[in-house]
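Dear colleague,

I am handing over the structure we spoke about, and below it I have set out what was found in it. Please read the notes with the coordinates open beside them.

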There are 2 protein chains.
Amino acid sequence: MLNRVRSAVAHLVSSGGAPPPRPKSPDLPNSTSAPPAAPPQAPRSPPARAGSGSAAPARTVEARASFCRPTFLQLSPGGLRRADDHAGRAVQSPPDTGRRLPWSTGYAEVINSGKSRHNEDQACCEVVYVEGRRSVSGAPREPSRGQGLCFYYWGLFDGHAGGRAAEMASRLLHRHIQEQLKDLVEILQDPSPPPLCLPSTPGAPGSSDSSHLVGPQSCWSSQKEVTHESLVVGAIENAFQFMDEQMARERHGHQVEGGCCALVVVYLLGKVYVANAGDSRAIIVRNGEIIPMSREFTPETERQRLQMLGFLKPELLGGEFTHLEFPRRVQPKELGQRMLYRDQNMTGWAYKKIELEDLRFPLVCGEGKKARMMATIGVTRGLGDHNLRVCSSTLPIKPFLSSFPEVRVYDLTQYEHCPDDVLVLGTDGLWDVTSDCEVAATVDRVLSAYEPNDPSRYTALAQALVLGARGTPRDRGWRLPNNKLGSGDDISVFVIPLGGPGSYS
Amino acid sequence: MLNRVRSAVAHLVSSGGAPPPRPKSPDLPNSTSAPPAAPPQAPRSPPARAGSGSAAPARTVEARASFCRPTFLQLSPGGLRRADDHAGRAVQSPPDTGRRLPWSTGYAEVINSGKSRHNEDQACCEVVYVEGRRSVSGAPREPSRGQGLCFYYWGLFDGHAGGRAAEMASRLLHRHIQEQLKDLVEILQDPSPPPLCLPSTPGAPGSSDSSHLVGPQSCWSSQKEVTHESLVVGAIENAFQFMDEQMARERHGHQVEGGCCALVVVYLLGKVYVANAGDSRAIIVRNGEIIPMSREFTPETERQRLQMLGFLKPELLGGEFTHLEFPRRVQPKELGQRMLYRDQNMTGWAYKKIELEDLRFPLVCGEGKKARMMATIGVTRGLGDHNLRVCSSTLPIKPFLSSFPEVRVYDLTQYEHCPDDVLVLGTDGLWDVTSDCEVAATVDRVLSAYEPNDPSRYTALAQALVLGARGTPRDRGWRLPNNKLGSGDDISVFVIPLGGPGSYS
């Protein structure tokens, strides 16, 4: 993400000393491979490649760090160099000749125009097999593929202040979802309501006694009903949380200096779950109609949550910030005047008399893409950022950031989809210069030029979207056909067909 | 409101000693009367009338307290007795013969079926004149009606644990709105953007110097633009806050023992502002289409705000409650098992191992009308409740309640309204047994039976809505035509025509 963190890299707290060796595998117990039927994309990136740029002291950490692109791009060393070229900005897609992405997914990406050293977006597209941890009744059972669950998974990760958080999340977040779903394998395949309780210790003496399962029928009549769908939502929410905690624990080993937005799609048992933490966006285009599947989390959209936190926990403001919002920063000469303000409870504005503590910098300021929290960061949910501090200060920003996504659910079985119905995921590089309607128009234009059963049409669409947002080099910049500036940010796009060839096979 | 506060009256903290004499007038400086053109409804209720019921000790305060109905009902002493009769439940409306409500507004109400001693709903319908506090430029100016502003005002107040909070709010909330708007009289009539600053002291030396007005043009280009509309929203939001603070200060004098929901409509300069704090509801029915103008604030809809507060300020839970939600209360024998839960960040559910502190009562429990916060209250925004404590405890509930409304704005000039387009306000007594669609059907049925210019049609509609929710006495209860139980709660309804005769004259 471009400009999302103002000078944040320069203010990072150094991890101190030489970084410990990078762990060989994620710290996740019992990680299960995809079954043979699923495309065997490795969840790991190509081998690390040392940066070739400046070796100035401020860049030491970055220069030491590798960079990588999604494995499914199957980039050769030469291809990797081209993908990393800010001048050419070649659009990258999986090769036509190789193994296609699961679900006939289309993908395209392009690097930024030079604002960060490497492409800080990352992507993942996998089919993940979940083997049940145990029988719900407590009896250990034979591992058998037939009793497990498969989910399709797509993830876009838009890094800031470095690319390592996005890289780590793209390798591991689906493993955390897999882990969270292990308890639910049997429950989700059983049409009866989820049990209120599970046994505490799998396979422990007595845990096969079904009296441990307090089913709804044995409880108060006022017991709240919990749906299967809400269990999947809870699993995804907690997976984000555990991913963030793992980043906190292992950030030195993984050299994770920054953070990332995460936009994730899980298809499981007929439903599409779209989980978003950050300012990427997902929309469904169905028969030309636009269905928003996410919303962005920024200092503007989360103003009241942030102000409330600052109001309830003033120590987090460190005496440097005020939780009140003013239309601009208050100046000392305005002491005693009455100025427009709003607090954590207000959506409207009113006048208040300016006092000394109102001269502090506002917790939230600016509008649109210029909105900032603590004068530093333009996105308020995501993963990582455990070291992020306020510019020229040691005040930590992380307490105000949330790693929890908003999850929206779309029931794929409730509508007869045609091959032109798609779910489009994009990082903000796409959406900064492209409206939902423009995306829908491109969907129509590109897909109608291909046969409905041509599997390359979704990659062509992703490429068209990326190209349309990047523009072409002209007049000392990347420009769109209308001569406005194109996006100078990293741009990454997934196109997931909802009714196309190869769908939910 | 029926059953909204479980046994709350029995757990009220007594104010102690004899109540001080009731103040003669609201503690609001410079309250301004309506101008001669506006209907001169007095903002005060009829003379207090001692309750005629039991004089048992537990009821001493209530028996001593008066009760009242809205002045615009023009009830005689006999009429007041009939309005207070739980057995007959006669529907009350302003008399056909008297002065009509402003804006041809229709109104009807009925008392509950015996669950509280008196009708705890209150209502107010006024035209309020706002005289500017001063010229914005600081120069004191001649009071002159032409330079002031009029707003139309409707308020529904649904009391709980006593009727005094609703009564006090019905008399005073519009005065607080009036007070908040005084600074804005000139600003709102000036098409240029609101000034960033006002002078600190009206009429003080030098304050007529316009250099005190820091207009947008003199500020940073990044200054946030504030609209006139958002100033009115801010004024209403702060008026609710000041009303609540006045209740806190004067609750002993006014014998305010409980609280109330507040649903308020302000019409000002072409726009309708609907402010809601509680579980009353407002909808617009326009050409048969339903436009929701409010949402309800209950432990269910505000779960995450409440849980977040309990999580950030655990001392407010007093060691008695857990901020986590479980589908039902956890039992000691379930210690160590893994049970469904969700925390303040989650919308989905997951399993967690039950620990000792999970045995505490959940901060939020139950569903629908049975949802409760701290096992006590079923509504989470409103005015008053400053003495409310948890059942069998001294733990205060007020810190979790918000007095801030959500304000929605409807621009009346953006649509050509016909005489059948209405804004319907109702307390939960209406909405508990009547859907939005049923209200829209009644709007169509009743209004089509009257001439479009018949001014009594909106009162007839309000009466039909109240009657339809109350039902008729049959089979030991009040029953609807489909034999389901009607509402046993107080029911109050305003019908505001958006394009009818006498509208915004």
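In strand E15 of chain A, which covers residues 383–384, Gly384(A) is the bridge partner of Gly259(A), and the pairing of E15(A) with E5(A) is antiparallel and rests on two bridges. Please keep in mind throughout that this is a predicted model, and that every value below was computed from it.

Strand E5 of chain A, residues 259–268, has further partners besides E15(A). Strand E3 of chain A (residues 149–160) runs antiparallel to E5(A) and is joined to it by nine bridges, with Leu156(A) standing opposite Leu263(A). Strand E6 of chain A (residues 271–277) is likewise antiparallel to E5(A), here over seven bridges, and in E6(A) the residue that bridges to Leu263(A) is Asn276(A). The link from E5(A) to E6(A) is a hairpin with two residues between the strands, and in that turn Leu269(A) has a positive phi of about 50°.

How many of the ten residues of E5(A) are buried? Ten of the ten are, so the strand is largely enclosed by the rest of the structure. The side chains divide between two directions: Gly259(A), Cys261(A), Leu263(A), Val265(A) and Tyr267(A) point one way, while Cys260(A), Ala262(A), Val264(A), Val266(A) and Leu268(A) point the other way, and all of them are buried.

For chain A as a whole, the secondary structure comes to nine helices and 20 strands, and 58% of its 505 residues count as buried. Its accessible surface is about 20,100 Å², with 52% of that belonging to carbon and sulfur atoms. Among contacts between residues at least 6 apart in sequence, 71% join residues that are at least 24 apart. The domain assignment gives a domain 1 made of 71–133, 147–190, 227–297 and 403–497, and a domain 2 that covers 314–378; the C-alpha centres of these two domains of chain A lie 35 Å apart.

Turning to the pair of chains, chain A is superposed on chain B by a rotation of 180° with 0.0 Å of shift along the axis, at an RMSD of 0.0 Å. The two copies are thus related as by a two-fold rotation axis. Which residue of chain A comes closest to the rotation axis? That residue is Leu312(A), whose C-alpha is 3.7 Å from the axis. Of the interface residues of chain A, 100% are also interface residues in chain B, so the copies meet through the same surface.

One sheet takes strands from both chains: it is an open sheet of three strands in the order E11(A)-E10(A)-E4(B), with antiparallel pairing. Strand E11 of chain A (350–353) and strand E4 of chain B (197–198) stand at its edges with a single partner strand each, so one side of each is left without a neighbour in the sheet. Within chain A, strand E10 (residues 338–341) is joined to E11(A) by four bridges, and Tyr341(A) has Ala350(A) as its bridge partner.

Helix H9 may be read in both copies. In chain A, H9 (residues 457–470) has 14 residues and reaches 20 Å from its first C-alpha to its last, close to the 20 Å expected. Ten of those 14 residues are buried, so H9(A) is largely enclosed by the rest of the structure; among them are Tyr458(A), Leu461(A), Leu465(A) and Val466(A). In chain B, eleven of the 14 residues of H9(B) are buried, and Ala464(B) is included in that list. Gly471(A), just after H9(A), takes a positive phi of about 80°, and H9(B) is followed by Gly471(B), with a positive phi near 80°.

A last site to inspect is Pro94(A), which lies in the loop between helix H2 (77–83) and strand E1 (106–110) of chain A. With the cut-off for buried set at under 20% relative accessible area, Pro94(A) counts as buried at 12%. Pro94(A) and Phe72(A) are 22 residues apart in sequence, yet their C-alpha atoms are 6.2 Å apart in space. Leaving aside residues up to four places away in sequence, Pro94(A) touches Phe72(A), Leu73(A), Leu101(A) and Tyr107(A).

With best regards

Key
Residues are numbered from 1 along each chain as its sequence is written. Chains are lettered from A and ligands numbered from 1 in the order in which they are written. This is a predicted model: local features need pLDDT of at least 70, side-chain atom pairs count only at pLDDT 80 or more; totals for chains, interfaces and linings use all residues. Side-chain values use heavy atoms; hydrogens and water are left out. Buried means under 20% relative accessible area, exposed over 50%, partly exposed in between (1.4 Å probe, protein chains only). Two strands pair if DSSP finds at least two bridges between them. Domain bounds come from an automatic or database domain assignment. Contact means heavy atoms within 4.5 Å. Accessible areas come from the Shrake-Rupley method with a 1.4 Å probe; for residues, only the protein chains shown count as cover. Copies are superposed by least squares on the C-alpha atoms of residues with pLDDT of at least 70 in both. The expected span of a helix is 1.5 Å times one less than its number of residues.
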